[in-house]
Amino acid sequence: MSVSDPIANLQTLIRCPSVTPAEGGALSALEAMLAPLGFKVERMIATEPGLPDVENLYARLGIDGPHLMFAGHTDVVPVGDEASWSHPPFGAEIADGEMFGRGAVDMKGGIACFVAAVARHIEKHGAPKGSVSFLITGDEEGPSVNGTEKLLTWAAERGERWDACLVGEPTNPDMLGDMIKIGRRGSVSGKVTVFGVQGHAAYPHLADNAVRGLLPLASALMDPPFDAGTAEFPASNLEVTTVDVGNPATNVVPAKATFAFNIRFNDTWTADTVKAEIIRRLDEAASDQALRPDRQPTRYEITWAERPSHVFLTRNNALIGSLSAAVEAVTGKQPVLSTTGGTSDARFIKDYCPVVEFGLVGQTMHMVDERVALADLETLTQIYGTFLTRWFGDALV
């Protein structure tokens with residue numbers, strides 16, 4: 001098999017059932033692609049008490065700088081109802097110019113294309129004048145504890161240093177060339193528990209309904225808006241995601257009610273300052289007596305989810321410029337530089353080097369019948385190849 005063919009590469013990877021946290025043969029298949037190209041391939045197993053062990057891969061070609069990292073993941077989400085798929089989710093079957101399979105766009109397709117791009121570069125120009133590495137995890141779709149973060153630490157402790165990173169996540173909303181991700185919003189989650197006094201619904205003066213305390217607190221977190229957005233980021237947004245009273249009786253005033261929330265915040269805030277603002281709003285709303293006349297302030301407690309995601313923005317002109325120029329050269333489109341969407345493993349990589357994200361069209365990711373157009377695989381391979389040439393050229397100037 002020629003690894004310069006992204007279609008064949010992707011078929012091989014999709015046929016490995018690497019549902020998080022299983023390696024499923026995907027890293028072994030990737031190692032078999034990279035070793036003949038001259039990469040030194042190492043496998044690292046990350047552990048954490050209470051979580052499954054996860055196998056990860058790091059491969060490097062070259063010993064000198066500049067050093068470009070390609071990062072991604074071979075793990076995939078579960079297939080769901082397999083009977084609903086029109087083609088087997090791990091069959092990598094081709095129909096009507098598309099390849100079907102779990103991970104086709106998120107993100108085995110990006111890996112397959114970058115492998116092909118490196119192989120073509122070596123065939124045409126020889127090894128890059130510097131170093132290229134693959135940092136591939138098996139824990140991006142899972143807890144993200146035994147994956148990229150630990151693999152980066154492991155590699156850095158062994159002396160690895162990077163000048164730039166490209167993450168191959170599916171960033172394009174509609175067509176290849178639409179969008180490059182140059183940053184991500186931060187994310188903080190928490191749970192608020194409101195305390196009242198249980199009682200009979202017919203004797204409210206003897207009780208204190210926790211729901212009446214909850215409503216102003218939840219409302220205060222959703223309105224007014226936290227900000228109006230910045231030049232590079234949309235407005236921060238908080239959503240209440242669950243509400244639970246745990247009271248099956250219609251004639252009992254509940255003593256406790258909880259709600260959970262998540263906020264995606266821009267560079268107006270840090271994780272610490274947005275937490276402080278949330279607490280300020282809750283404290284202010286706790287004194288609201290609109291639903292609880294003549295009562296003491298609502299009693300509540302807040303617990304924060306572990307490991308918030310921090311906002312970041314990449315401003316590296318050589319990296320962004322090389323990739324933007326490559327996209328335009330191949331597709332004729334000027335990509336939008338965006339910070340929208342959820343979190344990705346770029347949030348860990350940004351602590352080591354400038355990072356951007358660009359990959360396939362993401363319309364079918366995580367869906368039944370996840371699939372990718374074969375034409376897009378070839379186009380993305382050409383973009384990656386042009387980017388390699390431009391980035392190394394710019395970095396060596």
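Me: Hi! Is T148 buried or exposed?
Reply: T148 is buried in this predicted model, and its relative accessible area is 4%.

Me: Thanks. Which helix does T148 sit in?
Reply: T148 belongs to helix α4, which covers residues 148–157.

Me: And what does its side chain make a polar contact with?
Reply: The side chain of T148 makes a polar contact with the side chain of D345, at 2.6 Å.

Me: Leaving aside neighbours within four places in sequence, which residues is T148 in contact with?
Reply: With those neighbours set aside, T148 is in contact with L135, T137, D345, F348 and I349. D345 is thus on this list and is also the polar partner.

Me: New topic, helices. Which residues of α2 are buried?
Reply: Helix α2 runs over residues 26–34, and A26, L27, A29, L30, M33 and L34 are buried there. Looking down the axis of α2, these buried residues fall within an arc of 155°, so they line one face of the helix.

Me: Nice. What do the buried residues of α2 pack against?
Reply: They pack against two helices, α1 (6–14) and α3 (108–125), and against the strands β1 (40–48), β2 (51–61) and β6 (131–137).

Me: Let's check the backbone. Which residues does a cis peptide bond join?
Reply: One such bond joins T20 and P21, with omega about 5°. P21 is in the loop between α1 and α2. Another cis peptide bond joins D223 and P224, where omega is about 10°.

Me: Where is P224 found?
Reply: P224 is in the loop between α5 (210–222) and β12 (237–244).

Me: What about phi? Which residue has a positive value although it is not a glycine?
Reply: D96 is one of them, with a phi of about 55°. D96 lies in the loop between β4 (94–95) and β5 (98–100). D369 also has a positive phi, near 60°, and is likewise a residue other than glycine. The place of D369 is the loop between β18 (355–357) and β19 (371–373).

Me: Is D96 buried or exposed?
Reply: D96 counts as exposed, at 81% relative accessibility. D369, on the other hand, is buried, with a relative accessible area of 14%.

Me: On to the rings. How many aromatic pairs does the count come to?
Reply: The count comes to twelve aromatic pairs. Among them are F70 and F114, whose ring centres are 4.3 Å apart with the planes at 15°, so this pair is stacked.

Me: Which parts does the pair of F70 and F114 tie together?
Reply: F70 lies in strand β3 (residues 67–73) and F114 in helix α3, so the pair ties together parts that are 44 residues apart in sequence. F70 is buried, with a relative accessible area of 0%, and F114 is buried with a value of 0% too.

Me: And how do W391 and F392 pair up: what are the distance and angle?
Reply: W391 and F392 form an edge-to-face pair, 4.9 Å centre to centre with 85° between the planes. Both W391 and F392 are buried.

Me: Which residues do ring pairs link into a cluster?
Reply: That cluster holds F39, F70, F114, F134 and Y384.

Me: Last one: which ring does the charged end of R281 sit over?
Reply: The charged end of R281 sits over the ring of F226, at 4.0 Å from the ring centre.

Conventions:
Residues numbered from 1 in each chain as written. Predicted model: local features only at pLDDT ≥ 70, side-chain atom pairs only at ≥ 80, totals over all residues. Heavy atoms only, no water. Buried < 20%, exposed > 50% of the residue type's maximum accessible area, 1.4 Å probe, protein only. Helix = DSSP H or I, 4+ residues; strand = E, 2+ residues; numbered from the N terminus. Arc of directions from axis to C-beta. Contact = heavy atoms within 4.5 Å. Polar contact = N/O pair within 3.5 Å; in protein donor to acceptor, adjacent residues only side chain to side chain. Phe/Tyr/Trp six-rings, centres within 6.5 Å; stacked < 30°, edge-to-face > 60°. Lys NZ or Arg CZ within 6 Å of the ring centre and 35° of its normal.
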